[in-house]
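Trainee: I have a structure open and would like to go through it. Can we start with the terms and then look at some residues?

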Amino acid sequence: MGGDTLSGNQKVVKFKKRRHLNIGIVVFIGLLIYIVIHVYIYMTKDHISIYEVHEGSMAKDNLITGIILREEKIVTSEQAGYVSYFQKEGARVSKNSSVYALDESREIVDVILSGDVPITLSKRDNAEIKYEIMTFQKEFSPSNFSAVYDFKEEANQFVLDLLNSTMLSHGQTIQENTGLNYSYQTFASQESGVISYYLDSYETVTEDTITMDLFNRENYHRNSLQTTTMVTPNSPIYKIITSDVWSILLPLTPEQYAMLDGRDTINITIQKDDLDTKAKLSLLQKGSDIYAKLTMEKYMTNYLSDRFLEVELHTDDIEGLKIPKSSVVDKNFYLVPLAYFTEGGDSGTKGLIIETYSKNGDVSYSFVPTDIYYEDEVYGYVDADQFEVGTRIVSDSNLDHFTLSQMGKLTGVYCVNTGYSVFKRIEVLNEDEEYYIVANNTPNGLAAYDHIALDGSTAVDQAIIY
C-alpha cells in the first residue's frame, strides 16, 4: 500500500533543452546580407562603360572645292544672222575645220520648226538621250535640285544640235522645193582645240587674277551660247579650249598650306566621278590668301561643262591610338616649377616637400610622393585634387618657397586597367566626328589594349569602378 502511495505522489519535472547557436547559419545569414547589399549597390549605381584602345589611322579632311582654269578663247560672229553649228559640245576640231554657219534669213528654220521636215534620230542620238536620262535619274535628289537645271540645259542643247544638223542637211533641199532663200556662210576655226558653247565670265581668270570672291558659287552664273534667235555682229558664238593642259585652283587654310609645302606632286581624287590621278602641285600666296594649283595634262574634256570641282588631296594618313571623343575630358592641375620636385626615401619616388605650421607656430616639413602628369620646360603638372589651394612647398636645394595656386588644364582620358580610374594625358593628332587619333608614345600615356572609360564624364579620379 505504502509503496503504491509513494509511487502515486512522485512528480516528474521537465527541463527545457538548451539551444546551441549554429555558427554556420549565422555566417550564411551574414554572407547573404552582404551579397544583397552589394547587389543592391551594384544595381543602383551608375556603371562605367569600358572601351579598349586599339591602334588606328585617319586621313586628314582635305576635301576642297576648286576652280578650273583652262586656255579658253571666245570666238565672236563676224556678221549678223541665225547660227547653225556643225560641231557638238566637246568636239575636238583641227585648224580650218568648219564650226558654224550664219544664215541671214530665218525662213528655212521656220519650215523645219513647223514640222513639215521630219527630224530623225539616229541610233547614236537615241543612245545619247537614254544616257542623259539615266544620268539624271541616278544623280537627282531633292537636296540637289540644280541637277534639274543641268538636265534641262543638256536637253536644250541636244534639241538645238538636232535642229542644226537638220538645217545643214536639208536646207538646200528645202530651198529647191519651196523657193525660199537659203544663203548661209560657213566659218572655220582659226586654231585647233575643243569646242564649248557656254560662257560664265571665268574664261579670263588666271592664277594672277584669282580672288577668294570667285569661289562663292552663289554669285556664279553661266549662259548657253546656242540660240535660235538672230545674233548681232561681234556676239559670242562659241569658245575653244586650245590646250589639254588644265589646272584646278584650291583655296587653302594655313594648316593645309604647311602640309603641302615642299611637295611638287600629289595624288588626288576628283569627287564628281571618283577619278584617282596625280597632279603637279605649286603653291601660291596673294596677300593673306593662299592657294594650291593642281596641273594636269589629261581628263580635261571630262569636265568641260564644269567650272567647280571638289577634290580630295591624299596626304599621309595619321596613325596612332583611336579613341572615342566621349572618353576625353579636361582636368585641372597645379603648375609647379620643376626645381621644386625632389626624390624622397629609398624608392627614388619624385614628390614635393610640404611646409606646415602647428597651432603654436612650429614649422615642419614632410615629403609627399607626387605624380607628374606632364612637364614642359618650366612646369610639372600635379593633380589639383592632391593638395589644397595655398599649400606651401619648399625647394630642398635652396629653401625657396612656392605656393600652389596657379593652374592649367590637361586633356586626357581615365584609364581603368587596374580596377580604379587613373587620368592619363593624351596628344590629339587628328579627329573626325566620333573619334580622335592620339599619339601612342607620350610619357605615362596610353598604349594599345588599355581600357578607358567610354564616357569620361562618369569617371572619378582614383575611384574604384568595380
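Mentor: One term to begin with: a polar contact is a pair of N or O atoms within 3.5 Å, where, within protein, one must be able to donate a hydrogen and the other to accept it. Keep in mind that this is a predicted model.

Trainee: Which side chain has a polar contact with Lys293?

Mentor: That of Glu207, and the polar contact between the two side chains is 2.3 Å.

Trainee: Where is Lys293 placed, and is Lys293 buried or exposed?

Mentor: Lys293 belongs to strand 16, residues 289-296. Its relative accessible area is 18%. Buried means under 20%, so Lys293 counts as buried.

Trainee: What else is Lys293 in contact with?

Mentor: Beyond neighbours within four places in sequence, its contacts include Ser247, Ile248, Leu249 and Lys280.

Trainee: New topic. How many residues are in the largest nonpolar core?

Mentor: There are 25. Trp246, Ile248, Leu250, Ile268, Leu294 and Leu313 have the most contacts inside this core. Strand 16 gives the most to the core, namely four residues.

Trainee: Why would nonpolar side chains end up together?

Mentor: As a general tendency, nonpolar side chains in soluble globular proteins are buried together.

Trainee: What does Trp246 touch?

Mentor: Not counting residues up to four places away in sequence, Trp246 touches a list that includes Ile68, Ile270, Leu294, Tyr303 and Leu309. Another core, of 15 residues, lies apart from the largest one, and among its members are Val83, Tyr100, Tyr197 and Leu199.

Trainee: Sheets next. What is the strand order in the open sheet of four strands?

Mentor: The order is 4-12-9-6, and the pairing is antiparallel. Strand 4 (72-76) and strand 6 (92-93) are at the edges, each with a single partner strand, so one side of each has no neighbour in the sheet.

Trainee: How many bridges are there between strand 4 and strand 12?

Mentor: Five, with the two strands paired in the antiparallel sense. As one detail, Ile74 has Lys239 in strand 12 as its bridge partner.

Trainee: And what does strand 27 pair with?

Mentor: Strand 27 (residues 407-415) pairs with strand 19 (residues 329-337) over six bridges, in the antiparallel sense. There, Phe333 stands opposite Gly408. Strand 27 is also joined by four bridges to strand 28 (residues 422-425), again antiparallel, and Tyr414 has Phe423 as its bridge partner in strand 28.

Trainee: What sits between strand 27 and strand 28?

Mentor: Six residues, and the two strands form a hairpin. In the turn, Gly419 has a positive phi of about 95 degrees.

Trainee: Where is Ala459 found, and what does Ala459 touch?

Mentor: Ala459 is in the segment after strand 31 (451-453). Leaving out residues up to four places away in sequence, Ala459 touches Ile48, Tyr414, Ser421 and Ala453. Ala459 counts as buried, because its relative accessibility is 10%.

Trainee: Last thing: where is confidence lowest and where is it highest?

Mentor: Helix 1 (residues 2-9) is lowest, at a mean of 50, and strand 13 is highest, at 97. The mean pLDDT of the protein is 82, and 74% of the residues reach 70 or more. Where pLDDT is low, the predicted coordinates should not be read in detail.

Technical notes
Residues numbered from 1 in each chain as written. Predicted model: local features only at pLDDT ≥ 70, side-chain atom pairs only at ≥ 80, totals over all residues. Heavy atoms only, no water. Buried < 20%, exposed > 50% of the residue type's maximum accessible area, 1.4 Å probe, protein only. Contact = heavy atoms within 4.5 Å. Pairing = 2+ DSSP bridges. Core = buried A, V, L, I, M, F, W, Y, C linked by side-chain atoms within 4.5 Å. pLDDT = per-residue confidence, 0-100.
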